[in-house]
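User: Please take a close look at one part of this model and describe how its helices are set against its sheet. I would like a connected account rather than a list.

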Amino acid sequence: MRRGILLTLLGELDHDSADDLRSALDDALRPPGTVLVIDCAGLGFCDASGLNTLIRARARAAAQGSRIDLARPRPLVRWMLQRTGTTQLFTIRDTLPA
């Protein structure tokens, strides 16, 4: 059975906050088969360390049969995902799941 989790990000995802996100992702993805939706609507900025945290978590998730979707990214975050080619790694949702 798949388990769904919604994780909401607020503010900035950068070197200073990446460890907190890493810890939250580790907890959320602990059980195999998890569908984790990360709500990015409140995320105003994401730097390379934040992006690397998401990419590493996505690789761990895939290895254990889990999935990470990114929901409602703001234009700056969406632009960064597109420029780095990482939109292909994640399902990008315009809305939150019902």
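Analyst: A residue is called exposed here when its relative accessible area is over 50%, and buried when that area is under 20%. With those limits in place, and bearing in mind that this is a predicted model, the account can begin with the sheet and move outward to the helices.

The sheet is open and consists of four strands in the order 1-2-3-4, with parallel pairing. Its edges are strand 1, residues 3–13, and strand 4, residues 91–93, each of which pairs on one side only. On average, and with direction ignored, neighbouring strands of this sheet are turned by 30 degrees against each other. Towards the strand 4 edge, strand 3, which covers residues 67–71, runs parallel to strand 4 and is joined to it by three bridges, and alanine 71 stands opposite arginine 93 of strand 4.

Helix 1, residues 18–28, packs on this sheet by touching strand 1 and strand 2, and its direction makes about 175 degrees with that of strand 1. The buried residues of helix 1 are Ala18, Leu21, Leu25 and Ala28. Because they cover an arc of only 85 degrees around the axis, they sit on the same side of helix 1, while Asp19 and Asp20 are exposed on the other side. The cover over the buried residues of helix 1 includes strand 1, strand 2 and helix 2.

One residue of strand 1 shows this packing in detail, namely isoleucine 5. Once its neighbours within four places in sequence are left aside, isoleucine 5 is in contact with Ala28 as well as with Thr34, Val35, Leu36 and Val37. The C-alpha atoms of isoleucine 5 and alanine 28 are separated by 7.0 Å, although the two residues are 23 residues apart along the chain.

Helix 2, residues 48–63, lies across strand 1, strand 2 and strand 3, and it runs at about 140 degrees to strand 3. From its first C-alpha to its last, this helix of 16 residues reaches 23 Å, close to the 22 Å expected at 1.5 Å a residue. Gly50, Leu51, Thr53, Leu54, Ala57 and Ala61 are buried in helix 2, and since these buried residues fall within an arc of 155 degrees when seen down the axis, they line one face of the helix. The face turned away from that buried side carries the exposed residues Ala48, Arg56 and Ala63. The packing partners of the buried residues of helix 2 are strand 1, helix 1, strand 2, strand 3 and helix 3, the last of these spanning residues 75–83. Just after helix 2, glycine 65 takes a positive phi of about 80 degrees.

Within the sheet, aspartate 39 also deserves a look; its place is in strand 2, residues 34–46. Aspartate 39 counts as buried because its relative accessibility is 5%, where the limit for that term is under 20%. Its side chain reaches the backbone nitrogen of alanine 41 at 3.1 Å. With neighbours within four places in sequence left aside, aspartate 39 is in contact with Leu6, Leu7, Thr8, Leu9, Ala71, Arg72 and Leu96. Among these contacts is Ala71, the residue already described as standing opposite arginine 93 in strand 4.

Technical notes. Residues are numbered from 1 along each chain as its sequence is written. This is a predicted model: local features need pLDDT of at least 70, side-chain atom pairs count only at pLDDT 80 or more; totals for chains, interfaces and linings use all residues. Side-chain values use heavy atoms; hydrogens and water are left out. Helices (H or I, at least four residues) and strands (E, at least two) are DSSP runs, numbered from the N terminus. Buried means under 20% relative accessible area, exposed over 50%, partly exposed in between (1.4 Å probe, protein chains only). A polar contact is a pair of N or O atoms within 3.5 Å; within protein, one must be able to donate a hydrogen and the other to accept it, and residues adjacent in sequence count only if both atoms are side-chain atoms. Contact means heavy atoms within 4.5 Å. Two strands pair if DSSP finds at least two bridges between them. Axes are lines fitted to C-alpha atoms, for helices over the stretch in contact, and angles run from 0 to 180 degrees between N-to-C directions. The expected span of a helix is 1.5 Å times one less than its number of residues. The arc is that of the directions from the helix axis to the C-beta atoms.
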